[in-house]
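Q: I'm new to this structure and would like a close look at one part of it. Could you start with a single residue and work outward from there?

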Amino acid sequence: MDFSSGDVKAAVMRPAVPLAGGGDAVGPSALLRGWREFRRSAAPARFLCFEDGGWADVTGEAVGQLRRAFQDRRAMAEVACGGRAYLFDFLRMVRIDAATGEETALAWIDDRGACFFPAPDCGSRKRRRDDAPGEAEAESSSGVDERSGESRGAEDAAKRMKASGAWGKSAAPRLEDSDKYYQVVSKLFLSYGMASRGAAITAVRKVGQGARARAFQQQGQLLAAGTPKFAWYGASAEDVAAVVERGFSRTNAPRLGGRKHGDGLHLSPPQCPYTSAMLAKADGSGEAHIVLCRVLMGRPEVVQAGSSQSRPSSGAYDSAVDKLENPQWYVVWSKDMNTRVLPEYVVSFKCPKLHPIQGSSEATSKLKKPSPGRDMFPTLLAEIKQLVPDKCDILQEYYSNFKMGQIKKDQFIRFLRGYIGDKVLTTVATKLRRC
């Protein structure tokens with residue numbers, strides 16, 4: 001049973017109707033999005049299905065059959081796997097069991113290394129033929145709640161995480177304090193300023209990998225500079241939970257606002273956990289989460305702050321940084337974030353001195369600009385530079401945000417004290433009083 005591209009174009013313009021057998025009705029907008037992704041993708045090199053809490057490769061002769069169907073621009077193909085007949089729907093990104101009607105999320109990685117994964121909530125459960133249409137509609141491929149503009153899939157993942165108390169044992173088992181990896185990761189997190197800010201680790205969890213690790217290894221072999229680096233990823237609890245369960249579905253660039261270096265996934269070097277921790281969003285109990293990842297940067301290019309770049313500027317580059325020497329940010333473009341970033345450990349922590357970046361939210365845009373008057377900060381920053389030159393780039397960025405009215409004066413001062421430390425500030429203040 002195969003469907004041509006002409007059938008799909010007709011279906012895109014047709015009003016949504018319930019499918020026979022009680023299946024879900026796919027709205028025109030969701031189908032149109034699927035069609036665009038289908039058209040954008042090169043020939044898939046790998047197909048994956050979400051099974052047993054993780055993405056698993058489709059193997060055997062089925063891969064070649066699916067690839068040929070995709071190259072022929074057929075939107076659906078009936079293929080046998082493991083002795084069972086399945087209908088692979090490339091537009092809705094699902095695999096349907098021909099006997100039971102059970103649906104499983106489908107994804108693929110094309111010849112160029114670009115990843116095509118369904119909306120975050122699509123892989124969270126298996127849907128049977130007799131599921132109510134209302135449920136199916138609530139789980140449309142967009143995964144976006146119109147009221148909040150946020151991904152419902154990420155929120156659902158966080159709710160399941162909290163309910164299980166362990167982020168799902170198969171997805172991210174909690175390590176014991178005596179575990180050697182717990183000790184290595186916690187030391188890395190606390191050794192670069194987090195301990196001095198009062199951070200206390202509440203848990204370290206190992207992220208399950210499976211197909212993600214294989215995709216990462218293959219990318220390492222393809223890239224000219226394929227040596228992985230360690231890096232920290234910071235985001236809200238909902239996004240971290242979704243990453244653990246299904247991989248990256250969106251970048252954290254919006255949380256940086258005007259400080260983003262392109263519309264890509266921002267990670268900080270291992271010696272800069274605080275930079276990514278500021279992108280974390282604590283829950284009601286004050287607990288936040290940060291992920292230690294391995295990342296393949298390949299050949300990075302410099303992208304300036306505030307840029308809306310979303311892909312390499314040319315074939316000579318693979319990723320981006322804020323600066324080539326001692327970068328504070330690694331940026332992986334969204335098409336590569338599920339093959340070139342491998343989550344390894346989740347560090348849960350509480351930090352009373354953590355002041356999250358406000359980003360470009362509506363609240364930030366309403367902040368008043370600093371009142372006019374004598375500005376002593378340039379003099380202060382010049383003196384600080386003499387004592388801790390390696391910290392001045394980030395300080396200058398925060399000062400620029402303050403001058404543009406993106407953060408309040410008291411927020412800037414709190415960050416200054418937390419980032420530099422009272423000892424350095426006291427030394428500088430004493431020197432300025434003598435002048």
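**Starting from one arginine**

A: Let's begin with Arg 40, which is partly exposed because its relative accessibility is 44%. Keep in mind that this is a predicted model. The side chain of Arg 40 meets that of Glu 37 in a salt bridge, with N and O 3.0 Å apart. Glu 37 is partly exposed too, at a relative accessible area of 31%. Why do Arg 40 and Glu 37 sit about one helical turn apart? Both belong to helix H2 (residues 28-40), and they are three residues apart there, so about one turn separates them. There is a general rule behind this: an α-helix has 3.6 residues a turn, so residues three or four places apart point the same way.

That pair is one of 15 salt bridges found in a search of the whole structure. Another joins the side chains of Arg 214 and Asp 57, at 3.1 Å from N to O. Here the partners come from distant parts of the chain: Arg 214 is in helix H7 (residues 211-222) and Asp 57 is in strand E2 (residues 54-57), with their positions 157 residues apart. As for accessibility, Arg 214 is partly exposed at 39%, and Asp 57 is partly exposed at 24%. These two also take part in a network of salt bridges that links Arg 46, Asp 57 and Arg 214.

Then there's the bridge between Glu 245 and Arg 246, whose closest N and O atoms are 3.3 Å apart. Are these two buried or exposed? Both Glu 245 and Arg 246 are buried.

That brings us to the inside of the protein. Of its 435 residues, 49% are buried. The secondary structure comes to 14 helices and 15 strands. Contacts also run between far-off stretches of chain: among those with a separation of 6 or more, 68% are between residues 24 or more positions apart.

Which residues have the most contacts inside the largest nonpolar core? They are Phe 189, Phe 349, Ile 384, Leu 416 and Ile 420, in a core of 40 residues. Apart from this core lies another one, of 24 residues, including Phe 47, Ala 75, Val 79 and Trp 108. As a general matter, nonpolar side chains in soluble globular proteins tend to be buried together.

Now zoom in on Ile 420. Leaving out residues up to four places away in sequence, Ile 420 touches Ile 384, Val 388, Lys 391, Leu 395, Phe 415 and Leu 425. Ile 420 is one of the buried residues in helix H13, along with Gln 411, Phe 412, Phe 415, Leu 416, Gly 418 and Tyr 419. The length of H13 (residues 409-420) works out nicely: with 12 residues at 1.5 Å a residue, the helix should span 16 Å, and that agrees with its end C-alpha atoms, which are 16 Å apart. Just after H13 comes Gly 421, with a positive phi of about 100 degrees.

Two strands deserve a stop as well. Val 346 sits in strand E15 (residues 341-350), and with a relative accessible area of 0%, Val 346 is buried. How far from Val 346 is the C-alpha atom of His 289? The two C-alpha atoms are separated by 6.6 Å, though the residues are 57 apart along the chain.

The other strand is E13 (residues 319-321), which contains Ser 319. Ser 319 is buried, at 2% relative accessible area. Its side chain reaches the backbone oxygen of Met 297 at 2.6 Å. Beyond its neighbours within four places in sequence, Ser 319 is in contact with Met 297, Arg 299, Pro 300, Glu 301, Val 331 and Trp 333.

Finally, the cysteines. How many disulfides turn up in a search of the whole structure? Zero. Take Cys 49: the closest cysteine sulfur to its own is in Cys 81, and at 7.3 Å that is too far for a bond. A disulfide would need the two sulfur atoms within 2.5 Å. Seen from Cys 81, the closest cysteine sulfur is likewise that of Cys 49, at 7.3 Å. Both side chains are tucked away by the numbers: Cys 49 counts as buried at 1% relative accessibility, and Cys 81 is buried at 16%.

How values were computed. Residues are numbered from 1 along each chain as its sequence is written. This is a predicted model: local features need pLDDT of at least 70, side-chain atom pairs count only at pLDDT 80 or more; totals for chains, interfaces and linings use all residues. Side-chain values use heavy atoms; hydrogens and water are left out. Helices (H or I, at least four residues) and strands (E, at least two) are DSSP runs, numbered from the N terminus. The expected span of a helix is 1.5 Å times one less than its number of residues. Buried means under 20% relative accessible area, exposed over 50%, partly exposed in between (1.4 Å probe, protein chains only). A polar contact is a pair of N or O atoms within 3.5 Å; within protein, one must be able to donate a hydrogen and the other to accept it, and residues adjacent in sequence count only if both atoms are side-chain atoms. Contact means heavy atoms within 4.5 Å. A salt bridge is a side-chain nitrogen of Lys or Arg within 4 Å of a carboxyl oxygen of Asp or Glu. A nonpolar core is a set of buried Ala, Val, Leu, Ile, Met, Phe, Trp, Tyr and Cys residues joined through side-chain atoms within 4.5 Å.
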